[in-house]
Amino acid sequence: MEKIKNRIFNEDCLIGIKKIPDNSLDLIVADPPYCLGKDYENNSDKLNSKEYLEWTYKWIDSVIPKLKDTGSFYVFLSWQYSPEIFSYIKTKMLMINEVIWDRRVPSMGGSTRKFSSVHDNIGFFVKKNKKYFFDIDSIRIPYDEETKKARTRSIFIGKKWLEIGYNPKDIWSVSRIHAQAPERQNHPTQKPLEIIERIIKASCPVGGIVLDPFMGTGTTAIAAINAKRNYIGFEINKNYYKIINERVSNRKGEAGLFKDIVKSKNIIHNTLIKI
Ligand SMILES: C[S@@+](CC[C@H](N)C(=O)[O-])C[C@H]1O[C@@H](n2cnc3c(N)ncnc32)[C@H](O)[C@@H]1O
């Protein structure tokens with residue numbers, strides 16, 4: 001495992017996955033092609049329905065045994081195939097949530113023969129033994145001062161959740177990455193760091209290992225570095241693989257440079273929580 005930890009491989013995940021021992025991963029975050037005809041400079045998003053589902057079931061079957069008993073599996077999909085794929089995974093695992101990612105697409109006319117589609121479906125699954133790791137406190141959203149002040153009735157005083165924030169619930173309203181955004185890379189379906197970081201913090205212990213079989217621009221690797229977790233990833237496209245390596249080495253450089261700042265921020269954060 002040490003030989004493959006914190007590495008990205010430029011290969012088909014169906015082949016690469018064989019390197020990973022069974023029962024060794026804390027988390028799998030999979031953002032596969034959705035079968036919508038996107039151009040990933042290969043035909044991976046251009047299969048017909050039958051081929052797509054067959055391929056999907058194959059990679060799902062190959063990743064599930066790699067999870068520890070306490071592990072979790074998140075898969076990003078869109079409404080077109082999430083019903084079939086979620087049903088398939090439910091025959092093997094326990095479904096905990098369907099998170100809706102509202103991409104906050106602005107209203108600009110849009111479709112005229114249907115409602116405009118502005119969300120992705122994220123399935124969250126665990127082993128049927130229900131021993132899964134889940135750290136809600138690390139992803140709570142703090143209340144603003146105004147809301148805190150408004151909760152002055154005696155029943156709210158001293159409530160832990162008022163101090164440490166609320167559960168983010170299952171609809172995540174996070175803007176898709178705009179062309180001008182600093183994290184933007186040259187890839188058609190890059191996911192926001194904010195979303196992947198939330199998943200990692202909630203479902204992978206510090207120092208644990210997260211696998212992303214479809215790395216794209218390496219968002220999962222960057223989120224893992226930010227959250228002090230280990231990663232393993234596969235990406236079949238050479239150009240995207242180059243982007244990942246560049247992004248990861250830049251992030252590691254920054255992490256080294258700003259280590260002290262991060263440390264002092266943590267101290268402040270811990271102090272606040274203790275109060
Ligand atoms: C939806 S994108 C992932 C985007 C990624 N989450 C990000 O934030 O950048 C899917 C990626 O899977 C890659 N891919 C497709 N088939 C693959 C396979 N068999 N093995 C590894 N990567 C594959 C595509 O080239 C594409 O970059």
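Let me begin inside the sheet, with V75, whose bridge partner in strand 5 is G123, and I should say at once that what we are looking at is a predicted model. That bridge belongs to the pairing of strand 3 with strand 5, which runs in the antiparallel sense over 6 bridges. Turning to strand 4, we find E98 standing opposite G123 in strand 5, and here the pairing of strand 4 and strand 5 is again antiparallel, over 8 bridges. As a reminder, the strands of a sheet pair through backbone hydrogen bonds, either parallel or antiparallel.

How many of the residues of strand 5 are buried? The count is 7 of 8, so strand 5 is largely enclosed by the rest of the structure. Helix 3, residues 82-90, lies across strand 3 (67-77), strand 4 (94-102) and strand 5 (119-126), and its direction is at about 5 degrees to that of strand 5.

Stepping back to the whole sheet, we have an open arrangement of 8 strands with mixed pairing, in the order 1-8-7-2-3-5-4-6. Strand 1, at 7-9, and strand 6, at 171-173, stand at the edges with a single partner strand each, so one side of each is left without a neighbour in the sheet. From one strand to the next, the twist averages 15 degrees. The partner of strand 1 is strand 8, residues 230-234, and these two pair in the parallel sense over 3 bridges, with I8 having G233 as its bridge partner in strand 8.

Now to the interior, where the general expectation is that in soluble globular proteins nonpolar side chains tend to be buried together. In this model the largest nonpolar core has 46 residues, and the members that touch the most others are I28, V29, I200, V210 and A221. Several elements give two or more residues to this core, including strand 2 (25-30), helix 6 (193-203), strand 7 (209-212) and helix 8 (238-257). Strand 3 gives the most, with 6 residues.

Let me follow A221 a little further, since that residue links several parts of the picture. Setting aside residues up to four places away in sequence, A221 touches I8, M215, Y231, G233, I244 and V248, and among those are I8 and G233, the bridge partners I mentioned a moment ago. A221 is one of the buried residues of helix 7, together with T219, T220, I222, A223 and A224, and helix 7 as a whole is mostly covered, with 6 of its 8 residues buried. Just after helix 7, K228 takes a positive phi of about 60 degrees.

What surrounds the ligand? There are 23 residues around the ligand, and those that come nearest are S44, F214, G216, T217 and T219, so named here with T219 also being one of the buried residues of helix 7. By class, this shell has 10 nonpolar, 9 polar and 4 charged residues.

I will finish with G16, whose place is in helix 1, residues 13-16. Is G16 buried or exposed? G16 is buried, because 21 other C-beta atoms lie within 10 Å, where 20 or more is the cut-off for calling a residue buried. Leaving aside neighbours within four places in sequence, G16 is in contact with F9, E11 and F234. The C-alpha atoms of G16 and E235 are separated by 9.7 Å, although the two residues are 219 residues apart along the chain.

Technical notes:
Residues are numbered from 1 along each chain as its sequence is written. This is a predicted model: local features need pLDDT of at least 70, side-chain atom pairs count only at pLDDT 80 or more; totals for chains, interfaces and linings use all residues. A residue is near a molecule or strand if its C-beta atom, placed from the backbone, lies within 6 Å of it. Ala, Val, Leu, Ile, Met, Phe, Trp, Tyr, Cys and Pro count as nonpolar, Asp, Glu, Lys and Arg as charged, and the others, Gly among them, as polar. Two strands pair if DSSP finds at least two bridges between them. Helices (H or I, at least four residues) and strands (E, at least two) are DSSP runs, numbered from the N terminus. Axes are lines fitted to C-alpha atoms, for helices over the stretch in contact, and angles run from 0 to 180 degrees between N-to-C directions. Two residues are in contact if their C-beta atoms, placed from the backbone, lie within 7 Å. A nonpolar core is a set of buried Ala, Val, Leu, Ile, Met, Phe, Trp, Tyr and Cys residues joined through C-beta atoms within 7 Å. A residue is buried if 20 or more other C-beta atoms lie within 10 Å of its own, exposed if 12 or fewer, and partly exposed in between; C-beta atoms are placed from the backbone.
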